[in-house]
Amino acid sequence: MVVLFPYAEACDCFSLPGGVDRLRMEAKPHDSEDSRATSHNSRETELLALADRHLLGNYRPARMVLDRGEGSQLFDTEGRRYLDFCAGVAVCCMGHGHPILSRVLAEQAGQLMQVSNYFFSEQNVLLAAELCEATGFDRAFFCNSGAEANEALLKLSRQHHHQQGHSERTELVAFEGAFHGRTMGALALTGNPRYQEGFGEPLAGIHHVPYGDLEAVAAKMGPRTAAIFVEPVQGEGGVLPAPEGFLSGLRELADQHGALLMFDEVQVGMGRTGQLLAGSAVRADAVALAKGLGGGFPIGAMLLRESLSESLPPGTHGSTFGGNPLGSRAARTVLSFLQEAGMLKQVRTRGERLGRGLEQVAQKHSDMCLGERGLGLLRGLMLREGLAARDLLPVAREHGLLVTAAGPSVVRFTPPLVVSDAEIDEAVQKIDETLTDASTRA
Ligand code: PLP
């Protein structure tokens, strides 16, 4: 029998009563004559035509329509099977269709979905308490996405100093290659001119310096600095872990200058790197979470220290849906899944297996690859200059593997945290085939 949720070996309560074999049997061979021939006038053709007509063209989605998922596998409307090493971009940590997550969400939807922030809800209060207990932070604010979590951090940074009588402290230090989201504040922190073009003047007072360069940070710090914003591992920037001593160096600089230290753990938090929080070795003042927090249900959070508990007084910030009971129940389920004995260790060992496999692939295709890097189940295959990661994605898809690009030259692997050894080996084989295929086409 195929073990779909491997962590179930360590944890009975999350086990799945079989079912994947049936899906595998139903799945059509990838890219077969049969599946391509029948795609004419298929459900896929109809849906793509509707998408072309009615969806805003701000994305460039692949020309297929995903229909259902189970564990680390996805199936499109034509029955083609994909190994999902995207997982909603580091979101679906419990895999697709997890029986516990689906059941509790269905239960909660029938009980209570939304109450607004005029009232408490049991699920939200318990989530706040459990997240604080698990991470060592003291207070939580909830929202719906990563960008919103960073907006909250940004507003907190400035409002905190304002409340202390230092309204002049509005400047922020952030990093080149960072990604913090697409709302105007988060976009200003992101600092990528390509994403900012056409949107007018970005928020003032934000300095971007090279990631890992403490001297460059020190040069921008001063009496007007409100906070430093950093990803403990740059995700979109190319799967780049912080160099040794960098985060602790930032802590020292923030303390020297009376500024706050903010960690954006939207992509790397909630177990992705094999730790509950990737930057937990260094004490941040506040942290942004989203993506994996709800396991696929949209929820974001800002966790902060007691010393900041008065920094956003009533009326200064809020969100209608933030902390709704449905999202809170999803996040509580994810948190208890991550707290199962051995779960985070398993992420680390599976991550090492994936890293080893990718390193071998990089060596075999050394004409195209420079190597691999990453932590836990966030890994990147680095391509040589002149090769675009984006160009490999459709080839990988033809081989039945879904991966994403992180920056121009890194192919990113973010499978569900429940991915099995066998699925990792299969993905490594598929990326090997992808590179072989791409080199013969070039
Ligand atoms: N911060 C980081 C580190 C991210 O990786 C992302 C998304 O990729 C965001 C913020 C923005 O999150 P969202 O797309 O949920 O707004």
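Colleague: Which helix gives the largest share of the shell around the ligand?
Modeller: Helix α7 (residues 146–163) does, with 3 residues. Helices here are DSSP runs of H or I with at least four residues, strands are E runs of at least two, and both are numbered from the N terminus. One caution: this is a predicted model, where local features need pLDDT of at least 70, side-chain atom pairs count only at pLDDT 80 or more, and totals for chains, interfaces and linings use all residues. Residue numbers start from 1 along each chain as its sequence is written.

Colleague: How many residues surround the ligand, and which are the closest?
Modeller: There are 15, and the closest are Gly 146, Ala 147, Gly 181, Val 266 and Gln 267. To be near the ligand, a residue needs its C-beta atom, placed from the backbone, within 6 Å of it.

Colleague: How does that shell divide into nonpolar, polar and charged?
Modeller: It has 5 nonpolar, 7 polar and 3 charged residues. Ala, Val, Leu, Ile, Met, Phe, Trp, Tyr, Cys and Pro count as nonpolar, Asp, Glu, Lys and Arg as charged, and the others, Gly among them, as polar.

Colleague: New topic. What are the domains?
Modeller: Domain 1 is 6–84 + 342–441 and domain 2 is 101–338; such bounds come from an automatic or database domain assignment. Their centres, taken over C-alpha atoms, are 28 Å apart. Domain 1 puts 19 residues into the contact and domain 2 puts in 17, with contact meaning C-beta atoms, placed from the backbone, within 7 Å.

Colleague: Which element gives the most on the domain 1 side?
Modeller: α13, with 5 residues. β13, β14 and β17 are also among the elements giving two or more.

Colleague: In what order do the strands of that open sheet run?
Modeller: β13-β14-β17-β16, with antiparallel pairing; strands pair if DSSP finds at least two bridges between them. β13 and β16 are at the edges with a single partner strand each, so one side of each has no neighbour in the sheet. β14 and β17 pair over 4 bridges, and Gly 380 sits opposite Arg 412 in β17.

Colleague: And where does the largest nonpolar core lie?
Modeller: Between the domains, because both domain 1 and domain 2 give residues to this core. The core has 117 residues, and Ala 301 is one of those with the most contacts inside it. A core is a set of buried Ala, Val, Leu, Ile, Met, Phe, Trp, Tyr and Cys residues joined through C-beta atoms within 7 Å; buried means 20 or more other C-beta atoms within 10 Å of a residue's own, all placed from the backbone.

Notes:
Two residues are in contact if their C-beta atoms, placed from the backbone, lie within 7 Å. A residue is buried if 20 or more other C-beta atoms lie within 10 Å of its own, exposed if 12 or fewer, and partly exposed in between; C-beta atoms are placed from the backbone.
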